Amino acid sequence: MGIDLRGDAGVVALIHAVRVTTATIGGDAVRLRPPRNRVDPRAVRWWTAQELLSFVPIVLVLAVLAMLIPGARQWLWLSAGVITVLGLASTLILPRWRYRVHRWEVTDDAVYSRTGWLWQEWRIAPMSRIQTVDSARGPLQRSFGLASITVTTASAKGAIVIDGLDHELAADLVQQLTEVTQATPGDAT
Amino acid sequence: MTASVKSTQDTQWHPLDRRSLGVTAVLVGGALIGAGIPILIGMTRDDKPVGIVLAFGVPGVVLAVALAVLGDYLRWKKFSYRITGDRVESRTGILHRKHLSVHRDRIRSVDVTANPIYRAFGVAKVKIGTGQHGESDDGQVTLDPISRERADELRATLLDRTPTTATPTAVPTSDDAIATLDWKWIRYAPLSVWPVLLGAAAIGVVFKVADWFGAQDTVLHRAWEFIRDLPLWQAILLLVVVVLGVGLICTLGLYVEMWSNYRLEREPGPTLRLQRGFLTKRSVSLEERRLRGIEVVEPLGARFVGAARLEAVATGLAKKAEDEKVASRMLLPEAPLEVAHAVAADVLREQVAPTETVRLIAHPAAARGRRLRWALAGVAAVVVVLVVLGLTVTPVLLHIAWISAIVLTPPAVLAARDAYRNLGHGLSGDYAVTRHGVLARRTVALRRNGIIGWTVRQTPFQRRAGLITLAATTAAVKGAYEFLDMDAHEGVAFADDALPDVLSQFLEPVD
């Protein structure tokens, strides 16, 4: 179907095969290594609190309704039970899983992060392209002594967010990155 | 040249063009009269005397127009702008004063639009865009309206970075146009979904108008009477022919309105200027420095006949062109592929277009497997819904279920295979090229120095299949351009090749 402007699909596949083979045989097959630093271990507790906050209020509301509305009682208890089980499971699993995945690194010329759990994402922003660096601390993060930093480039989609850093480390990073990026000429587009 | 530069460097505050009031009066009056006629007809049908209806209606329209003009007068009175040596500023707001100031170095695009009413009054609307990331309306200065001449002058001078002391650049003559419209290209217009959509819409409008005149039932009745006596296949054929015929006429009309007077040229700056439009004339000027690459877009229909359109990959172009159906980043309407490539090369100032010379590398077979599974899952979802409904509601749906399984599977598989075949990436000179898409196959050539970061994503399924989706982030409007389902190792090596010294420090050999 369609017209293939690349010409013979077989040739293209061959080019691909050759390229992949040379990459492997030449010993230069590479992959992204994980960024060097883990986030602060307290992030696990912070994420746990977040998970709890995301389902406990709903369960409470359902429980109250179950006590007030006799007609729908068993359905309300049932849904409260299901949400509790799912919520507890994600509270136990997700924060630890995230902690194993979330990593970050700042070198002389780039900021590098890995986030996610099942779906993972690696982001790299060259230092020369960084436009702004902010740190943010929500009330919940603050109570765990944590902060997030956001590194934005001129791209609407290139922002790197590193969550769960020790708040003093975050402040230092912001300071350091701001100094480097201000020294860079141009508008980083 | 010297005179115009001088006149844009004064420090005086200017008002908008006074003819704005006339535009408002015609616009509001026209809209009210247009809306009023059906109401009038409706009321007279209910045996209300025409005189009384008019006695209330006419003063109402006059009052509304007067209020609108008064409102526009206040806006006009409170709006002023000035263009100094290094800034464009506007002051506006009746209660809440707002002062906007844009550095001239930051100006990336100047759009001039004039619809027929504006043109009758000799004015135009000018938008001066800064192309800053996260740009809301606040980031751009809109002069609505100023005189046609003033608009042309601003367009020519605001993006001109030539030092004022230098000798003026030669004014481009007609030979300098990068592209002008070839009316033969109109043949590509119907090869899209537009005839169907516009045809259906036009039929809807007919019924709506008939409704105003209270004749909807009559029209339906007549149509039914006519169709009833025909055999079923003839009736269906007739309906299809009528809808497509009307749709075709509307599509061609729309094409004429959008692409008449199309002209893409270079102006001093250097700036790319695109002009087009039959009734509503538009001019989009884009600073060439903002160009990050080019996109060759082949909608399915056009692809079959070897045609493609071009879109600019640039910063500072409207994300959603508010009053346009077509994004303002369109540089060339569907044209023969060799024309598209030639224009692309010219726009990028290259000998040959990277989209043409690039040797695209196919993606791993696992990417085809993913696409086939998506396609079959889509068919399965339809069939399952039909089976469930068939078991619970009516058994007829069970037959529709197996029929749709048979009918839908081949095109789904073909589309999946096509989607896989269309995947590709490669480097060509200063450009990184990616291609994907079925309904619209997009080949994007991205200037390598316009890439300002990388994002690598991997779903659990991709991890098992050894695939990644790579995205090059840019300051251009779309933010990121994706390389779908690449081989995980080859993908990061490619990113490292495309933009040296960024990724290499984060790479490790595979053991």
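## Strands, helices and an interface

The bridge partner of Leu146(A) in β8(A) is Asp166(A). That pair is our way into the exercises below.

This is a predicted model, in which local features need pLDDT of at least 70 and side-chain atom pairs count only at pLDDT 80 or more, while totals for chains, interfaces and linings use all residues. Residues are numbered from 1 along each chain as its sequence is written, chains are lettered from A and ligands numbered from 1 in the order in which they are written, and side-chain values use heavy atoms, leaving out hydrogens and water.

**Exercise 1.** Find the sheet of chain A that holds β8(A), and describe its edges and its helix.

*Step 1.* Start from the pairing of β8(A): five bridges join it to strand β7 (residues 146–153) of chain A, and the two run antiparallel. Strands here are DSSP E runs of at least two residues and helices H or I runs of at least four, numbered from the N terminus; two strands pair if DSSP finds at least two bridges between them.

*Step 2.* Extend to the whole sheet, which is open, has three strands in the order β6-β7-β8 (chain A) and pairs antiparallel. β6 (130–136) and β8 (160–166) of chain A each have a single partner strand, so one side of each is left without a neighbour in the sheet. From one strand to the next the twist averages 20 degrees.

*Step 3.* Add the helix: α2 (residues 42–68) of chain A lies across β7 and β8 of chain A and runs at about 110 degrees to β8(A). For such angles, axes are lines fitted to C-alpha atoms, for helices over the stretch in contact, and the values run from 0 to 180 degrees between N-to-C directions.

**Exercise 2.** Trace the six-strand sheet of chain B.

*Step 1.* Read off the order, β14-β13-β12-β17-β16-β15 (chain B), in an open sheet with antiparallel pairing. At the edges stand β14 (330–336) and β15 (424–428) of chain B, each pairing on one side only.

*Step 2.* Neighbouring strands are turned by 15 degrees against each other on average, with direction ignored.

*Step 3.* Look inside the sheet: six bridges join β12(B) to strand β13 (residues 307–314) of chain B in the antiparallel sense, and Val296(B) stands opposite Leu310(B) in β13(B).

*Step 4.* Finish with α15(B), which packs on the sheet and touches β15 and β16 (431–436) of chain B (contact means heavy atoms within 4.5 Å). The direction of α15(B) makes about 25 degrees with that of β15(B).

**Exercise 3.** How do chain B and chain A meet?

*Step 1.* Count the residues: 55 come from chain B and 41 from chain A. Together the chains bury about 4600 Å², 58% of it on carbon and sulfur atoms; buried area is the accessible area (1.4 Å probe) that two parts lose on being put together, summed over both.

*Step 2.* Look for the salt bridge, a side-chain nitrogen of Lys or Arg within 4 Å of a carboxyl oxygen of Asp or Glu. The rule finds one across this interface, and it joins the side chains of Glu508(B) and Arg31(A) (3.0 Å, N to O).

*Step 3.* Check the backbone around that pair. Strand β1 (residues 30–32) of chain A pairs with β21(B) in the antiparallel sense over three bridges, and Arg31(A) stands opposite Glu508(B) in β21(B).
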